[in-house]
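Hi everyone, thanks for coming. I'd like to walk you through one structure today, so let's put it up on the screen.

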Amino acid sequence: MSKLREVKAKADALRKQLAVLDKLTGGASERERDVERKRAQRAATKEVVIPPCADRARRERLEADDIAWLMHYFGPECGLKDPFWYEFTTQQREMISAIRHAILFGGDQAIAASRGEGKTTIFERLLLKYTLQGVLSFSVLCAATGTLAADSLDTIKSAIEDNPLLLADYPEVCVAVLALENTPNRAGYQLVSGERHDTGEPYQMASSKFSWCGQEIVFPNVPGSPAAQAIIATRGLDSAIRGLKRKGRRPQLVGIDDPETEETVRSAEQAKKLEDRIDRALGGLGSQQKVVARVMLTTLQNRNCVSFKYTDPEKKPTWKGKRFRYLIQPPKRRDLWDEYVLLREKEFREFSAGRSRDEHCRQSHQFYLDHREEMEAGAALANENRFDGTVLPDGTQVEASALQHYYNEVARLGPEAVAAELDNDPADDENAALLLVLTAYHIQTNCLSGLDQRIVPEGTVCITVGADVQKLGLHYTVIAWDEHAAGCIIYYDFFEFLTESRPASDCEVLILEGLFAWHEAQQQSPFVSPTGEEHFADLSLIDTGWKHESWNTQPVQVFCSQVGYGAFMPSKGESPYRRPQDSARVIIGDNWHVSFPGGAPIAVMNSDHWKLKVHEGFLAGQSDDGALLPGALRVFNPPSIDGRPNRTAHLSFAKHILAETWETRFVPGFKGNRTGWWKSPKPNHYFDAAYQAIVARSMRGIGVLEATPLPNTPAMQPTGREPPPMQSVDTFKRNRW
C-alpha cells in the first residue's frame, strides 16, 4: 500500500510539472486537448464525402425496367434476409405492372393476393425505387394500425442501410444515411461534399439536413440527388389522416397494406368507417391539380369485408380490382387429396412430444410421394416455389412441392381458411352477415324499443324469462312477445345471492334461498303496460348448470318443484343437441324437448340453434309500416343522465351477447374442423339467459313461422307418472344438513 501511495504522489507531481511547462511554452492543457479531440470527432461525423455512382449507365438502364431493377438490387446478392431468390411469377409480374401504372399515371389499384406471396415486399421496394429516381416526392404508407405501418417503414430504411448494391449506385442517399451510425440526431447538422449526380458539378460543405426517425423519414438533401427531401410517411388507418401536408407538399401516392382488422371484418359499422376513411380521408389527400394515387394490397377474409368490395370491379370499378389465386386449377384426383388430408389430420391428433410436427407427419408425406404423379395431374399453381424444402434428419424434405404445401394448409387451417387466405375466394357463409353486422354499438344504438324499462308493449301476448344461475347470483332477461314472435327485452338484471366468500359445498341452501328471494322480488314488482295494467312472467326457464359434486339435489329443481312447474322450469343447454325419439315419456318441440328424469321435468335445448336466434333477432329489421319483423329483438330505452342520452347504457349487456362467436375452427383431436359457438373468457350470462327466454316463448306456442299449440305446461309429465313430491325449504335443509 505504501508503494502505491508513492506512485500516485509521483504521478501528481509530474502532472503539476507538465501543467507548469504548458503554461511556459503556450501548449494546451489536457482538458483543452480532450475538447479538441472531441471536436475533431464531431467534425468527422458531421462532414461526409459522397462518392460518385459506381456505374451510372447500369443505374439508368435498370431504372427503365422494374423487374430488372428489383432482381439486381434485391436479388440473392443484396445482403438482406429476404431477397428475391427466384424469377417473378406471372402473377407477381402483373402486380408489379399494376403498381407501376398507379405510380406513374395515377388512379387506384386494389390487389388481393395470397398471404405470403410477397405483394407487400414488392410494393415497398417499388416505392423505394421511384423515390430514389425522383418520381415520388411524398408517399404515405397506411396499414390497419400505426405499428404495422411503422414496420413497413423500418423495412425500407433497412434496405437503404444494409444493401451494398444500393450503396454502390445510390451513394447520395445510402452514404449520407450510413454516416449517421445509428445516431439519427446527426442528420440535423450533417454537411456533405462531392459531385452532383445530375450535372457532375462539385459542391462543398452543403447541408443535407434530413430526418431518419419517427413515423416519417425525409431523404438527405444532397445537391443533385433525385430523392433530395423526398418524404415517406406512415399512418395507421385508426389515426388522423385527413389533410396530411408536409413542406408545402401533398402526398402523391398512398399505399394501403392489409387494411382489415377483426373489428372491420365482423362489424358493418366498423367496415363502413374504414370504407369512408379510404374513400374520403385518403382520397382527399392529393393537391388541387392532381388526385392522389392509391394502391391497396390485401387478402380477403370473407365476402362481406371491405377488401372484397374494393377488389370487385362491379362494386368499385375505379379501383381496377385484381384477385389472385394460389391454386389456379385443382388436381383431378381430389379423392387422393381428401385421403391425404384425413391422414395428415390424424397425424396432428396423434402428435406426441419429442419430435417436431414435420418429423411426425411422415406417413402422409410418403403417401404423397407414392402417388405424386396421380395427385398432381391437372393441377396448376401460381407459384411453384412456395414450399418448405428443409431436409429432415431422415433425409426427406418437409414438403416436396407447392401443391403439397397447399393441402398441408388445408389440413392445418381448414378448407374455408385456405379458400380465403390463399385463393382469395372465401366461402359464401350463410352466417356471414350475422358475424359481420352484430356489434355492441348496433345493440346500443339501433335496437332500442322506445319504451322505458319494465314497460310492457301493446300487443304483448306472452312474457318469458331466461335465467342463468351461478354461485354468486342469477342473471336474468325478461322478454315481452307479440303474436308474431317479435320480442322486446323489458328488463334484465343480476340478482345477488348471499354466497360470497363461502365454499361451494356450503352454497346449496343459500342458492335455494336466493331463488326464493328473487321470486318474491318478482312478485312484488310486476311489469306494467302503458295503461297501468300489471303483468307477470308466463314461463321462466332457469339453467341448472350450477352444481357441486358433493350434492345430488339441484337447488333449481327444488325451487321449481316448490313454486310450480307451470311457470318455472329447470333447463339445460346441449351442444351438440340430440333430438330424442318420439316417446310418451318426452315432449318434443322445435329444437327442444322436455324429459322427466326421476319424475321431475327439465327442458333440454339446442343451445347452438337458439343462440343464433338471439343474434338474428338483434339483426332483424322492421317492415315498411314500422312493425318489427317476426323474431326481431329490441331492448328498452335506458334512463337518461341529467336529461342527456346515456351513450354507455346496455354496453355490459351487449358484451355478454357478443362473448361468443359462431365460427369454423380446426380442433386438434377432433376430426377436422368444427363449426359452432366459440367462447371467450368474457362473461356470457345474459346471452344464455336471452336464448332461454326465446326457448320459453317457443314452449308457450309462439313461433316465427306459425303457432304450434302444446299441452298445458302444468300438465307436462310422462303418462303414468305422478308429479314429484313437493318439498319445503325446511325439509330440504333438514335433509342436507
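**A sheet, a cavity and a helix**

Let's start with a pair of strands: β4, residues 191-195, pairs with β5 in the antiparallel sense, over four bridges. To pick out one contact, Leu 191 has Ser 207 in β5 as its bridge partner. Before I go on, keep in mind that this is a predicted model.

Now the sheet those strands belong to. It's an open sheet of three strands, in the order β1-β4-β5, and the pairing is mixed. Why do β1 (47-50) and β5 (202-207) each have one side left without a neighbour in the sheet? They stand at the edges and each has a single partner strand, so there is nothing from the sheet on that side. From one strand to the next, the twist averages 15°.

Next, empty space. Rolling a probe the size of a water molecule over the atoms shows where such space is left. How many cavities of 30 Å³ or more does a search of the whole structure find? Just one, and the largest cavity holds about 60 Å³ of space. Its lining includes Thr 120, Phe 123, Leu 148 and Asp 257. The elements giving two or more residues to that lining are α6 (119-132), β3 (138-143), α7 (146-162) and β8 (253-257). By type, the lining residues are six nonpolar, three polar and two charged.

Last stop, helix α22, residues 555-563. Is this helix mostly covered or mostly uncovered? Mostly covered: seven of its nine residues are buried, among them Pro 555, Phe 559 and Cys 560. After α22 comes Gly 564, with a positive phi near 105°.

Key:
Residues are numbered from 1 along each chain as its sequence is written. This is a predicted model: local features need pLDDT of at least 70, side-chain atom pairs count only at pLDDT 80 or more; totals for chains, interfaces and linings use all residues. Side-chain values use heavy atoms; hydrogens and water are left out. Buried means under 20% relative accessible area, exposed over 50%, partly exposed in between (1.4 Å probe, protein chains only). On a 1 Å grid over the protein atoms alone, a cavity is a set of points where a 1.4 Å probe fits but cannot get out, and a pocket is an open set with protein on both sides within 12 Å along at least five of seven lines; lining residues have an atom within 4 Å of a point. Grid points are joined across faces, edges and corners, and a volume is the space filled by probe spheres set on the points. Ala, Val, Leu, Ile, Met, Phe, Trp, Tyr, Cys and Pro count as nonpolar, Asp, Glu, Lys and Arg as charged, and the others, Gly among them, as polar. Two strands pair if DSSP finds at least two bridges between them. Axes are lines fitted to C-alpha atoms, for helices over the stretch in contact, and angles run from 0 to 180 degrees between N-to-C directions.
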